[in-house]
Amino acid sequence: MIFRKYLTLTSLLISLFFSVGCFESIEGFKNEIENMQVPRLMIEARGIDYGGGSGSKVTLPISGTAIKLERDPVVGEYDIINIEMVKVDLGLALLIQITDKGSRELYRRSVTHRGSRIVFTCNGQPVGATRLSGTIEDGQFYTFVEIPDDELGQFVIDLKASIEELQTHYKY
Amino acid sequence: MEWHFKSIARKSSLSQLPFTPGDRVACLIFKDVEAGEMGRADMLPGEVDTYELPGEILGRWMRVVKDPDDESTNVRETVASAEDFFLSLYENDQVDGLAETDALKHLLALMLERKRVVRALGKRQTAGTQLYRHVKTKQEIEVPIVEISTDLMLKIQDTLGDIIL
């Protein structure tokens, strides 16, 4: 009888120990990325929506420019492999580096949608837009973003951490 | 040569009879030699044989007239029209090599690649020519890669909008 009591108590303690361990690891996993940023490249919908593929209208945070976007991204979060902050003549910009698959789609769109705008979004919110003025063949996309310069550094750090996380833990 | 298409027609280029929703319409793209322009003519399929094109035909496709109040679109029909037009650009050997035809081949191939109607073969080219396979027929097609300016793209979009994917 006493033995059974001890056995029950021991199994309860073991369960508690593992539960605490699991919760700690889940919590730890959650805390790996404090400010997850899911980046995507979206494209402006054409004037006449013959294909029925246009989604919602978005507004850029500083300029207030409203752009109607297609529903699906041109380059999704799994096809963005790196983002760097770069300094160009007009100021700070982002260089977005893309996988081969994403590069091909961006190339196709840079031909078939020339004149349309590519909108860079994070967590579904637009942060920058660039008009397609030539073909993009090398999978490197440059864009200005509507984020103050003093916040841009942290934004890029968050983006890099998020991309690493997406490429490792979430990639299927 | 100028691109000078008419906007999407609401009536037949031959009989001038208005199209009604549900009508099947043949769309012809031609090179108007006298005017030095590219042209488009829309008409009922039964009228095609009697219509005298003012130049040689470059390509054609069929479309179904939609109800202007009906906003729903049929992507499959649009893809089928674009596919028809793309393949028809290769039917007339005489016009091969025209800059305008080459631009359309390149543009349509990229659009149809996205819809998996054609598949790029070998290394992805960004200059010269790219070989594609038409998935349904297994036919291999050589597509010239040409620069399409923003102005030209806007003109194409305005006038061939009903088959732009």
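This report walks through two helices, a small sheet and one loop residue in a predicted model.

Some housekeeping helps before the tour. Residues count from 1 along each chain as its sequence is written, while chains are lettered from A and ligands numbered from 1 in the order in which they are written. Because the model is predicted, local features need a pLDDT of at least 70 and side-chain atom pairs count only at pLDDT 80 or more, whereas totals for chains, interfaces and linings use all residues.

**How sure is the predictor?** The complex gets an ipTM of 0.76 and a pTM of 0.77. Chain B averages a pLDDT of 81, with 82% of the residues at 70 or above; pLDDT is the predictor's confidence in each residue, from 0 to 100. Where that score is low, the predicted coordinates should not be read in detail.

**Chain B in outline.** Three helices and seven strands make up the elements of chain B, and from the N terminus they run β-β-β-β-α-α-β-β-β-α. Both kinds are DSSP runs numbered from the N terminus: helices are H or I with at least four residues, strands are E with at least two. Of its 165 residues, 28% count as buried, meaning that 20 or more other C-beta atoms lie within 10 Å of the residue's own (12 or fewer is exposed, in between is partly exposed, and C-beta atoms are placed from the backbone).

**Two helices called α2.** Here are their spans; the expected value is 1.5 Å times one less than the number of residues.

| Helix | Residues | Reach, first to last C-alpha | Expected |
|---|---|---|---|
| α2(A) | 13 residues | 18 Å | 18 Å |
| α2(B) | 16 residues | 23 Å | 22 Å |

What covers the buried residues of α2(A)? The cover includes β1, β5 and β8 of chain A, together with α2 of chain B. Among the buried residues of α2(A) are A:L106, A:R109 and A:V111. One of those covering strands, β1(A), is mostly covered too, with four of its five residues buried. β1(A) pairs antiparallel with β6(A) over five bridges (DSSP must find at least two bridges for a pair), and A:I43 stands opposite A:I118 in β6(A).

Over in chain B, twelve of the 16 residues of α2(B) are buried, so the helix is largely enclosed by the rest of the structure. B:L104, B:H106 and B:M111 are among them. Just after α2(B) comes B:R116, with a positive phi near 60 degrees.

**The sheet under α2(B).** Chain B has an open sheet of three strands, ordered β5-β6-β7 and paired antiparallel. β5(B) and β7(B) stand at the edges with a single partner strand each, so one side of each is left without a neighbour in the sheet. On average, neighbouring strands here are turned by 40 degrees against each other, direction ignored. Six bridges join β6(B) to β7(B), and B:G128 stands opposite B:I145 in β7(B). α2(B) lies across all three strands, at about 120 degrees to β7(B); axes are lines fitted to C-alpha atoms, for helices over the stretch in contact, and angles run from 0 to 180 degrees between N-to-C directions.

**One loop residue.** B:V135 sits in the loop between β6(B) and β7(B). Why does B:V135 count as partly exposed? Because B:V135 has 14 C-beta neighbours inside 10 Å. Leaving aside neighbours within four places in sequence, B:V135 is in contact with B:R116, B:V117, B:V118 and B:R119, where contact means C-beta atoms, placed from the backbone, within 7 Å. B:V117 is 18 residues away in sequence but 5.8 Å away in space, C-alpha to C-alpha.

How values were computed. Contact = placed C-beta atoms within 7 Å.
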